[in-house]
Amino acid sequence: MVDLFVDRVLVKNNKDQDELDTEREIVNRLQNRILLLFFGSLTCDRCQEFAPVLSDFYKQLTDEFYVDRSAQLVLLYVSMDQSEEEQESFLKELPKKCLFLAYEDPYRRELEAMFNIEEVPTVVVLRPDSSVLIPNAVEEILRLGPDCYKNWQEAAQIIDRNFMISDDISDKSMRSLTDPMRRLKYKVENKKKQKRKGWGMRKDAEADGGGEDGGAVSPW
């Protein structure tokens, strides 16, 4: 998926419309994630109806209000609008965390041809390797809602560490970090105990008239 956009400029749908324009930024944002390419337009009635559903779907999977950890999911709007004003207006219906291509970017039309977009709305679901998982997931999103993601995650064979909320993992990690220190501590304490024990045996032997002359075996 990164290869599709590594030389492109992706724009965040926030107030400042910040740009991701370096390879590092693109890789960090897209690597090991499922990508939803949303093809739509302001003048499409079905797109208007679907936009709030898609927005809610995406928020429930990525917004900290709904989940402790965001799903490994990226939403990218590919505008089929007839003007930049239409695109800007439609972006207001989409989540602030989604991305989009600038209206003047000709790559929008290349993606349309690449994925054989014949109608809108269309949501192309891509695996992290850029292969198509679902040509159009609109009906599935309408039918299943956020449950779609589990199906996609399994089909894309993504190990989603974000959702591995695990006290066990934390405990194991802490144990692995503290074990060497704990072993050293016990080793030192055991030596001290052995030394104290040996000293006590020696004192007892001396009190009985032992030691080397008395035939007692020295612990040293």
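## Exercises on a predicted model

In the model, residues 163-188 keep a pLDDT under 50 (pLDDT being the predictor's confidence in each residue, from 0 to 100), and this stretch has 9 contacts beyond four places in sequence, a contact meaning heavy atoms within 4.5 Å. Over residues 211-220 the pLDDT is likewise below 50, with 12 contacts beyond near neighbours in sequence. The mean pLDDT of the protein is 82, and 72% of its residues reach 70 or more.

The model is predicted: local features need pLDDT of at least 70 and side-chain atom pairs count only at pLDDT 80 or more, whereas totals for chains, interfaces and linings use all residues. Residues are numbered from 1 along each chain as its sequence is written, and side-chain values use heavy atoms, with hydrogens and water left out.

**Exercise 1.** Describe the sheet and the packing of helix 7 on it.

*Solution.*
Step 1. The strands form an open sheet of 7 with mixed pairing, in the order 2-1-5-4-3-6-7. Strands (E, at least two residues) and helices (H or I, at least four) are DSSP runs, numbered from the N terminus; two strands pair if DSSP finds at least two bridges between them.

Step 2. Strand 2 (19-20) and strand 7 (132-134) are the edge strands, each pairing on one side only.

Step 3. Strands of a sheet pair through backbone hydrogen bonds, either parallel or antiparallel. For strand 3 and strand 4 the sense is parallel, over 7 bridges. Gly40 stands opposite Ser79 in strand 4.

Step 4. Helix 7 packs on the sheet and touches strand 3, strand 4, strand 6 (122-126) and strand 7. Its direction makes about 125 degrees with that of strand 3; axes are lines fitted to C-alpha atoms, for helices over the stretch in contact, and angles run from 0 to 180 degrees between N-to-C directions.

Step 5. Helix 7 (residues 148-156) includes Tyr149, which is buried at a relative accessible area of 3%. Buried means under 20% relative accessible area, exposed over 50%, and partly exposed in between (1.4 Å probe, protein chains only). Tyr149 and Ala71 are 78 residues apart in sequence, yet their C-alpha atoms are 8.2 Å apart.

**Exercise 2.** Classify the ring pairs Phe38 and Phe50, and Tyr77 and Phe90.

*Solution.*
Step 1. The whole structure holds 7 aromatic pairs. Rings of Phe, Tyr and Trp (its six-membered ring) pair if their centres lie within 6.5 Å; planes under 30 degrees apart count as stacked, over 60 as edge-to-face and the rest as tilted.

Step 2. The ring centres of Phe38 and Phe50 are 5.8 Å apart and the planes are at 65 degrees, so this pair is edge-to-face. Because Phe38 lies in strand 3 (residues 34-40) and Phe50 in helix 3 (residues 45-62), the pair ties together parts 12 residues apart in sequence. Phe38 is buried at 0% relative accessible area, and Phe50 is buried at 3%.

Step 3. For Tyr77 and Phe90 the centres are 5.3 Å apart and the planes at 50 degrees, so the pair is tilted. Tyr77 belongs to strand 4 (residues 73-79) and Phe90 to helix 4 (residues 84-91), 13 residues apart. Both Tyr77 and Phe90 are buried.

Step 4. Ring pairs link Phe38, Phe50, Tyr77 and Phe90 into a cluster.

**Exercise 3.** Characterise the surroundings of Leu111.

*Solution.*
Step 1. Leu111 is in helix 5 (residues 107-114) and is buried, at 0% relative accessible area.

Step 2. Not counting residues up to four places away in sequence, Leu111 touches Phe5, Phe39, Val78 and Leu101. Leu111 and Phe39 are 72 residues apart in sequence and 9.4 Å apart, C-alpha to C-alpha.
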